[in-house]
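Here is a quick tour for anyone meeting this protein chain for the first time. Have a look at the picture, then read on.

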Amino acid sequence: AQLVESGGGLVQAGGSLRLSCAATGSIYNFNRMSWYRQAPGKQRELVADKTTGHIITYADSVKGRFTIYTDNVRNVSLQMDNLKPEDTAVYYCYALQVRVGVRGVDEYWGQGTQVTVSS
């Protein structure tokens, strides 16, 4: 599978953006779909995550401002409101699928999309 992202861009502080990510190819039932981000000079960090058990996790820095939506089949999106300059980063979607009948997992990453928030 490939994950294809869209929706990044430049926005002023206080504005909103919606990132989308879709898996191409066969229909998947991902056990987990997530968004990560990486700012210059920093490690990649988890932004939001949703499992098939409907457990949703947000980084403390985005709680109340970002919302993750996913069908856990092939689509995940991230609604980002009240954006701050410190949200500037490359955002990556991520999907994990537990293999059936065989031990192990398959992990997939999107190509990354730049989000820049000006002050």
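Are phenylalanine 30 and tyrosine 108 buried or exposed? Both of them are buried. Keep in mind that this is a predicted model. Its average pLDDT over the chain is 94, and 99% of the residues score at least 70. Element by element, strand E11 (residues 113-118) has the highest mean pLDDT, at 98, while E10 has the lowest, at 93.

**Rings that meet**

Let's stay with the aromatics for a moment. Five aromatic pairs turn up in the structure. One of them is phenylalanine 30 with tyrosine 108: the ring centres are 5.9 Å apart and the planes sit at 70°, so this counts as edge-to-face. Phenylalanine 30 is in the loop between strand E3 (17-24) and E4, whereas tyrosine 108 belongs to strand E10 (residues 105-109), so the contact ties together parts that are 78 residues apart in sequence.

There is also an aromatic cluster, made up of Tyr36, Tyr92, Tyr94 and Trp109. Arginine 44 joins in with two of these rings. Its charged end sits over the ring of tyrosine 92, 3.8 Å from the centre. Arginine 44 also lies over the face of tryptophan 109, this time at 4.7 Å from the ring centre.

**Charges that pair**

Side chains of opposite charge can pair when their charged atoms come close. How many salt bridges does a search of the whole structure find? The count is six. Here are some of them, with the N to O distance for each:

| Salt bridge | Distance |
|---|---|
| Arginine 37 and aspartate 87 | 3.0 Å |
| Arginine 65 and aspartate 87 | 2.8 Å |
| Arginine 99 and aspartate 106 | 2.8 Å |

Aspartate 87 shows up in two of those rows, paired with arginine 37 and with arginine 65. The partnership with arginine 65 links distant parts of the chain: arginine 65 is in the loop between strand E6 (56-58) and strand E7 (66-70), aspartate 87 is in the loop between E8 and E9, and the two are 22 residues apart. Together with Glu45, the residues Arg37, Arg65 and Asp87 are linked in a network of salt bridges.

Why does aspartate 87 count as buried? Because its relative accessible area is 0%, and buried means under 20%. Arginine 37, at 6% relative accessibility, is buried as well, and so is arginine 65, with a relative accessible area of 8%. The bridge between arginine 99 and aspartate 106 has another setting: aspartate 106 is partly exposed at 24% relative accessibility, and arginine 99 is also partly exposed, at 37%.

**A strand with two neighbours**

Now for E4. This strand is mostly covered, with five of its seven residues buried. It pairs with strand E5 (residues 45-51) in the antiparallel sense over six bridges. Across that pairing, tyrosine 36 faces leucine 46 in E5. The hairpin of E4 and E5 has six residues between the strands, and in it glycine 41 takes a positive phi near 75°.

E4 also runs antiparallel to E9, and seven bridges join these two strands. Here glutamine 38 stands opposite valine 90 in E9.

So which residues are worth finding again in the picture? Try Tyr36, Tyr92, Tyr94 and Trp109, which form the aromatic cluster, and then Arg37, Glu45, Arg65 and Asp87, which form the salt-bridge network.

Key:
Residues numbered from 1 in each chain as written. Predicted model: local features only at pLDDT ≥ 70, side-chain atom pairs only at ≥ 80, totals over all residues. Heavy atoms only, no water. Salt bridge = Lys/Arg side-chain N within 4 Å of Asp/Glu carboxyl O. Buried < 20%, exposed > 50% of the residue type's maximum accessible area, 1.4 Å probe, protein only. Helix = DSSP H or I, 4+ residues; strand = E, 2+ residues; numbered from the N terminus. Phe/Tyr/Trp six-rings, centres within 6.5 Å; stacked < 30°, edge-to-face > 60°. Lys NZ or Arg CZ within 6 Å of the ring centre and 35° of its normal. pLDDT = per-residue confidence, 0-100. Pairing = 2+ DSSP bridges.
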